[in-house]
Every structure is written in C-alpha cells, then in structure tokens.
Amino acid sequence: MAGRLSLRRTPQERRDVPLRGYKLAYPMLSADGTEAGFTGVSLGRTHAYRVTAEAKCAQSSRHQSPSRLCDCGFYCFHELADARALACDPQYQQSVLLEVDAAGRYFLYERGVRYSKQTVTAVHAGLCACGWPAQVFVATGTGVVGWRKLLPVCSTCAGNRPPLTLEHFSRLAGVPVHRDDRAVAFTTGSTTSAPELVPLLSAEVALLHARLDELQTQLDKLTKGS
Ligand SMILES: [Zn+2]
Ligand SMILES: [Zn+2]
C-alpha cells in the first residue's frame, strides 16, 4: 500500500482569503444550452455546480457544509501534480482539470482542502480517450436533472457529432478554457513527470481516508461518552 496520508488538519475555520487548488470535474451544459457547469468525479457526481458555488449537504440540511460528521463539501488538491496524477486513473479519464479558489468554512489536510465556497478560475480540457489533447466538447447522452454531461474529445474523435468549442464553453462559463497540451507529457519528452506521481492509491482516496479517520475519531469519542 502507498503511505498513509498524515493528518495535519486544522480545526474548522473560515477563510476569506482563498486558497488556490486543483481538482477534476466533468463539464456540463445546462438544458437550455446557456450555462456551463461541472459535476464531481466521485462524491458529488449527481450534483451540478456553476463557476461560483456554495457547498450544500445532499444528505442533511441540519448542518452547514462541510461538517466533521459528514463527507460533504467541495474538495481540491493543493498541488497541480496530484490532480494530474488522478487524471491518469481510467475511472477519471475524460474529466477536465479545474483551477479553483477555495474559501469559506474549511478543513485543511496535508494534500488538499475540503471547503464551502468555490470559484472556478480556469479549466484545462484534458485528454481525449485516444490520447490527444481534447479540442472540443461533445454531448455524452448522459447527465443529471437540468444538465447534460459533456465529453472532451479531439476533433478526429468528435467525428460528425455537433461540437461545442472550448471557446464557446469559456464564454458560457466566464473563465478561460485551455487545451491541456501539458497533459501529454509522453509525446514531448520534455517534462519530468515521474511514475511516483501516479500512485496506485490515488490521492483522492487518501483524502477520503483522512476523512474516515476523522469520522472514526468522532465515533470513538461518542462511544466513550466523552
Ligand atoms: Zn453533510
Ligand atoms: Zn481523440
């Protein structure tokens, strides 16, 4: 197993000066085609959010999000390399990489942060399934209520499907959308991306473990009646 995530969690605080972070998401288009949004790639897969969003708990309206006793809230990594590493996992392929500002109520972990207020500041379109940088988005035929899920693809793989250009998505979202040429390090041979950046135990799972540890601590306290 990969090493345990060491917990350097701060008490829950509020933060007005945002932390910069990186995360993966699936791009979404509103049903009427006028708004761009995203969904999470693991937790939060069923809920679309816009460029500026406040976390809400899907399981309970009784607590503010994020909460120690729940896994709700937005998540991001501190380091771009961790988000890029996660994108190599087949289950997260065809996502896009978001640069975000994380603010509001938050929990700080060694590799990431869980927080209440999110502003997406840039989108990197990632890779087509064939390996080339994505150049357009096409509809996947899936989605959540009110939103269609988009797929980043290269122009060859888009075929004759109607494309939504990165520029169009950028206009709808109000943030820059970049072709992620750096995601294909193996075609340039110019970067230092090392195999250890792609741990078997993905960084997001490590973050999940941190959260489970936190819940266990709470449970221990409750069962000891303290
Ligand atoms: Zn919750
Ligand atoms: Zn392709």
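1. Does Cys130 count as buried, exposed or partly exposed? Cys130 counts as partly exposed, because its relative accessibility is 43% and the partly exposed class lies between 20% and 50%. Cys128, by contrast, has a relative accessibility of 4% and therefore counts as buried. The model under discussion is predicted, and the values below are to be read accordingly.

2. Cys128 and Cys130 both belong to the site of the zinc ion (ligand 2). The protein donors there are the SG atoms of Cys128, Cys130, Cys154 and Cys157, which lie 2.2 to 2.3 Å from the ion. Along the chain these donors follow the spacing C-x1-C-x23-C-x2-C. The angles among the 4 donor atoms run from 103 to 118°, and the site is tetrahedral.

3. The zinc ion (ligand 1) is held by a mixed set of donors: SG of Cys57, NE2 of His63, SG of Cys70 and SG of Cys72. Their distances are 2.0 to 2.3 Å. The spacing of these donors in the sequence is C-x5-H-x6-C-x1-C. With angles of 100 to 117° among the 4 donor atoms, the site of ligand 1 is tetrahedral. For reference, the ideal angle for four tetrahedral donors is 109.5 degrees.

4. Two donors of the zinc ion (ligand 1) may be placed in the fold. Cys57 and Cys70 both lie in the loop between strand S4 (52-54) and strand S5 (74-77), 13 residues apart. Both of these cysteines are buried.

5. On the fold as a whole, the protein has 5 helices and 11 strands. Of its 226 residues, 44% are buried. Among contacts with a separation of 6 or more, 70% are between residues 24 or more positions apart. The accessible surface comes to about 12100 Å², and carbon and sulfur atoms account for 54% of that area.

6. The aromatic residues deserve separate comment. A search of the whole structure gives 5 aromatic pairs. One of them joins Phe38 and Phe169 in an edge-to-face arrangement, with 5.9 Å from centre to centre and 70° between the planes. This pair links distant parts of the chain, since Phe38 is in strand S2 (residues 36-39) and Phe169 in helix H3 (residues 166-173), 131 residues apart. Phe38 counts as buried because its relative accessibility is 0%. Phe169 is likewise buried, with a relative accessible area of 0%.

7. A further pair is formed by Phe74 and Tyr115, whose rings are tilted, at 5.8 Å centre to centre and 35° between the planes. Phe74 lies in strand S5 and Tyr115 in strand S7 (residues 112-124), so the pair ties together parts that are 41 residues apart in sequence. Both Phe74 and Tyr115 are buried.

8. Which residues make up the aromatic cluster? Phe38, Tyr49, Phe74, Tyr115, Phe137 and Phe169 form one cluster. The members of the two pairs described above, Phe38 with Phe169 and Phe74 with Tyr115, are thus included in it.

9. A final point concerns a charge placed over a ring. Lys149 lies over the face of Tyr26, at 3.9 Å from the ring centre.

Methods: Residues are numbered from 1 along each chain as its sequence is written. Chains are lettered from A and ligands numbered from 1 in the order in which they are written. This is a predicted model: local features need pLDDT of at least 70, side-chain atom pairs count only at pLDDT 80 or more; totals for chains, interfaces and linings use all residues. Side-chain values use heavy atoms; hydrogens and water are left out. Donors are N, O and S atoms within 2.8 Å of the metal (3.2 Å for Na, K and Ca); water is not among the atoms, so sites may look incomplete. Four donors count as tetrahedral if all angles lie between 85 and 135 degrees; four count as square planar and six as octahedral if opposite donors are over 155 degrees apart and all others between 65 and 115; anything else is irregular. Helices (H or I, at least four residues) and strands (E, at least two) are DSSP runs, numbered from the N terminus. Buried means under 20% relative accessible area, exposed over 50%, partly exposed in between (1.4 Å probe, protein chains only). Rings of Phe, Tyr and Trp (its six-membered ring) pair if their centres lie within 6.5 Å; planes under 30 degrees apart count as stacked, over 60 as edge-to-face and the rest as tilted. A charge sits over a ring if NZ of Lys or CZ of Arg is within 6 Å of the ring centre and within 35 degrees of the ring normal. Contact means heavy atoms within 4.5 Å. Accessible areas come from the Shrake-Rupley method with a 1.4 Å probe; for residues, only the protein chains shown count as cover.
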